[in-house]
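This briefing presents a structure for review at the bench. Please consult the sequence and the model shown here before reading the points that follow.

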Amino acid sequence: MKNLSISVKLMVAFAVIVLTFVGSSLVVANNVWTVAELSRQNETSTTLSLLAEEMLTDMVEQQNAARGYMSTGAAEFAERYDAEKPAFNEAASAFREETTQPEQRERIDRLVAAAGAFTALQDRQIALYKNPATRDQAQAMMLTTRLTEFREIHRELMDAQLALKSERSAGQQAAIDSSEIALVAGGLIAVLAAIGFGYLLSHLIARPVK
């Protein structure tokens with residue numbers, strides 16, 4: 001340091017301070033982008049979770065409508081049953097299109113297959129119910145028809161969505177913590193550098209006036 005010119009000493013001092021702020025600012029900017037991206041992904045996960053809940057509701061309503069029709073013979077239940085089919089398909093298609101996770105696409109495919117099998121079984125029961133000769137058979141089948149497989153796959157789907165949201169929330173917090181550390185560390189380094197170089201320059205440049 002003693003062999004350096006005054007101009008070089010000043011340049012080094014300012015360079016250390018500037019580079020410190022630039023470095024900490026880059027870390028903060030990167031973390032801000034990370035938080036924003038994870039927030040966007042979590043918004044998508046929330047949308048997907050709502051679609052999954054909608055699919056479950058559609059299937060339960062479809063089941064209730066089928067049971068209502070086979071219990072009472074009221075046409076309104078048959079109409080409601082038919083209306084729930086496209087509603088489920090629309091929600092399932094939207095989910096598959098929106099998700100970027102291969103595992104979730106595999107689960108939604110299994111969920112759609114389970115829903116299709118369940119709907120086919122209920123269609124058969126309704127057809128049997130419409131025939132007076134097989135109405136009792138249809139009602140007996142109705143009592144043992146459950147959404148067990150569908151619910152199990154649906155639970156896998158929802159658990160996976162919750163796990164993704166939890167993981168992203170942890171990533172957001174890590175990015176926020178990293179930004180705080182970068183700001184504090186950068187500020188301390190800059191202050192220490194300024195003090196240190198100020199001290200050195202005051203001893204190396206300043207001379208008593210004679």
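A residue is called buried when its relative accessible area is under 20%, exposed when that area is over 50%, and partly exposed in between. The model discussed here is predicted. Its protein chain contains 5 helices and 0 strands, and buried residues account for 33% of its 210 residues.

**Fold and confidence**

- Followed along the sequence, the protein chain has the pattern α-α-α-α-α.
- The mean pLDDT of the protein chain is 80, and 80% of its residues reach 70 or more.
- Confidence is highest in helix H3, where the mean is 92, and lowest in helix H5 (residues 148-204), where the mean is 76.

**Aromatic pairing and the ring of Tyr-129**

- Searching the whole structure yields 2 aromatic pairs.
- One of them joins Tyr-69 and Tyr-129, whose ring centres are 5.2 Å apart; the planes of these rings meet at 65°, so the pair is edge-to-face, given that an angle over 60 degrees counts as such.
- This pair links distant parts of the chain, since Tyr-69 belongs to helix H1 (residues 6-72) and Tyr-129 to helix H3 (residues 102-130), with their positions 60 residues apart in sequence.
- Both Tyr-69 and Tyr-129 are buried.
- Tyr-129 has a further partner: Arg-135 lies over the face of its ring, at 4.5 Å from the ring centre.

**Nonpolar surface patch**

- Val-18, Val-22 and Leu-26 make up a nonpolar patch on the surface, and together they have about 270 Å² of accessible area.
- Within this patch, Val-22 is a residue of helix H1.
- The relative accessible area of Val-22 is 40%, so this residue is classed as partly exposed, the range for that class lying between 20% and 50%.

**Ala-127 in helix H3**

- Ala-127 is located in helix H3, the helix that also holds Tyr-129.
- With a relative accessible area of 49%, Ala-127 is partly exposed, whereas Tyr-129 is buried.
- Ala-127 and Ala-138 are separated by 11 residues in sequence, and their C-alpha atoms are 8.2 Å apart in space.

Conventions
Residues numbered from 1 in each chain as written. Predicted model: local features only at pLDDT ≥ 70, side-chain atom pairs only at ≥ 80, totals over all residues. Heavy atoms only, no water. Phe/Tyr/Trp six-rings, centres within 6.5 Å; stacked < 30°, edge-to-face > 60°. Helix = DSSP H or I, 4+ residues; strand = E, 2+ residues; numbered from the N terminus. Buried < 20%, exposed > 50% of the residue type's maximum accessible area, 1.4 Å probe, protein only. Lys NZ or Arg CZ within 6 Å of the ring centre and 35° of its normal. Patch = residues over 30% accessible without salt bridge, like charges linked within 9 Å, V, L, I, M, F, W, Y side chains within 5 Å. Areas by Shrake-Rupley, 256 points an atom, 1.4 Å probe, with all protein chains shown as cover. Salt bridge = Lys/Arg side-chain N within 4 Å of Asp/Glu carboxyl O. pLDDT = per-residue confidence, 0-100.
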